[in-house]
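Visitor: Hey, could you walk me through this one? I'm new to reading structures.
Guide: Sure, let's put it on screen.

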Amino acid sequence: MSNMKINFDKDKYQQLSELGSRFGLSFSSHMVIGNKLIALDGRKKILLVLERNNRSYIIELEKVASVSVKKTYSSIRPGELINKGIEEFLKTIELQFEYNNKRTICLPFFDCEKDDSRNLPRLERNAKNWQLILSKMAITHPDRQCQMVVE
């Protein structure tokens, strides 16, 4: 089983390299997230997402209005937080890219049905780190900029 994972990773990285060359990208960072591989070209402010099913897409960070970490929780009944921590109700952690037209793209970092909860602190930390890096590259939109008034 571990040999299949190594081959899967090697195939993904080879495919990533080929896609990067095709689009003229040079990756400064990359990471495997579940069934996806993400890679960042920091100079061009482009994030390439390569999925296990060989589907790929590009997120142009200069066209993104905001990058945020979105957490989804299951229902919490009254009194349940007395004996359980909030993290026990966490369903997903996603990196959410929102565009001016309110269109969003979400990259899942954690899914309670697929991921081991023991990896939660690392996955949450990774999501926050990527959010910090990518949000600095996202464009500031005119409706969000402070305007200086000269009198």
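Guide: We'll talk through how far to trust the model, then a helix, some strands and the core.

Visitor: OK, how much of it can I trust?
Guide: Keep in mind that this is a predicted model. The chain averages a pLDDT of 84, and 85% of the residues score at least 70.

Visitor: Where does the pLDDT drop under 50?
Guide: Residues 1-7 stay under 50, and the model has zero contacts for them beyond four places in sequence. Over residues 141-151 the pLDDT is below 50 too, though that stretch has seven contacts beyond near neighbours in sequence. Where pLDDT is low, don't read the predicted coordinates in detail.

Visitor: Got it. Which residues of α3 are buried?
Guide: Leu120, Leu123, Glu124, Asn126, Ala127, Trp130, Leu134 and Met137.

Visitor: Why do they line one face of the helix?
Guide: Look down the axis of α3: the buried residues fall within an arc of 155 degrees, so they sit along one face. In general, an α-helix has 3.6 residues a turn, so residues three or four places apart point the same way.

Visitor: And what do they pack against?
Guide: Strands: the buried residues of α3 pack against β1, β2, β3, β5, β6 and β7.

Visitor: Let's switch to β2. How many of its residues are buried?
Guide: Six of its six. Lys36, Ile38 and Leu40 point one way, while Leu37, Ala39 and Asp41 point the other way. That fits a general pattern: in a regular strand the side chains alternate between the two faces of the sheet.

Visitor: Which strands does β2 pair with?
Guide: β2 pairs with β1 in the antiparallel sense over five bridges, and with β3, also antiparallel, over six bridges. On the β1 side, His30 has Ala39 as its bridge partner; on the β3 side, Lys36 stands opposite Glu51.

Visitor: What about the turns?
Guide: The β1-β2 hairpin has two residues between its strands, and Gly34 in that turn has a positive phi of about 60 degrees. The β2-β3 hairpin has four residues between the strands, with Lys45 at a positive phi near 55 degrees.

Visitor: Last topic: which residues touch the most other members of the largest nonpolar core?
Guide: Leu47, Ile59, Phe97, Trp130 and Leu134, out of 27 residues in that core. The largest share, six residues, comes from α3.

Visitor: What does Ile59 touch?
Guide: Beyond four places away in sequence, its contacts include Leu47, Val49, Phe97 and Ile105. Apart from this core lies another, of six residues, among them Leu16, Leu19, Leu37 and Leu50.

Technical notes:
Residues are numbered from 1 along each chain as its sequence is written. This is a predicted model: local features need pLDDT of at least 70, side-chain atom pairs count only at pLDDT 80 or more; totals for chains, interfaces and linings use all residues. Side-chain values use heavy atoms; hydrogens and water are left out. pLDDT is the predictor's confidence in each residue, from 0 to 100. Contact means heavy atoms within 4.5 Å. Buried means under 20% relative accessible area, exposed over 50%, partly exposed in between (1.4 Å probe, protein chains only). The arc is that of the directions from the helix axis to the C-beta atoms. Two strands pair if DSSP finds at least two bridges between them. A nonpolar core is a set of buried Ala, Val, Leu, Ile, Met, Phe, Trp, Tyr and Cys residues joined through side-chain atoms within 4.5 Å.
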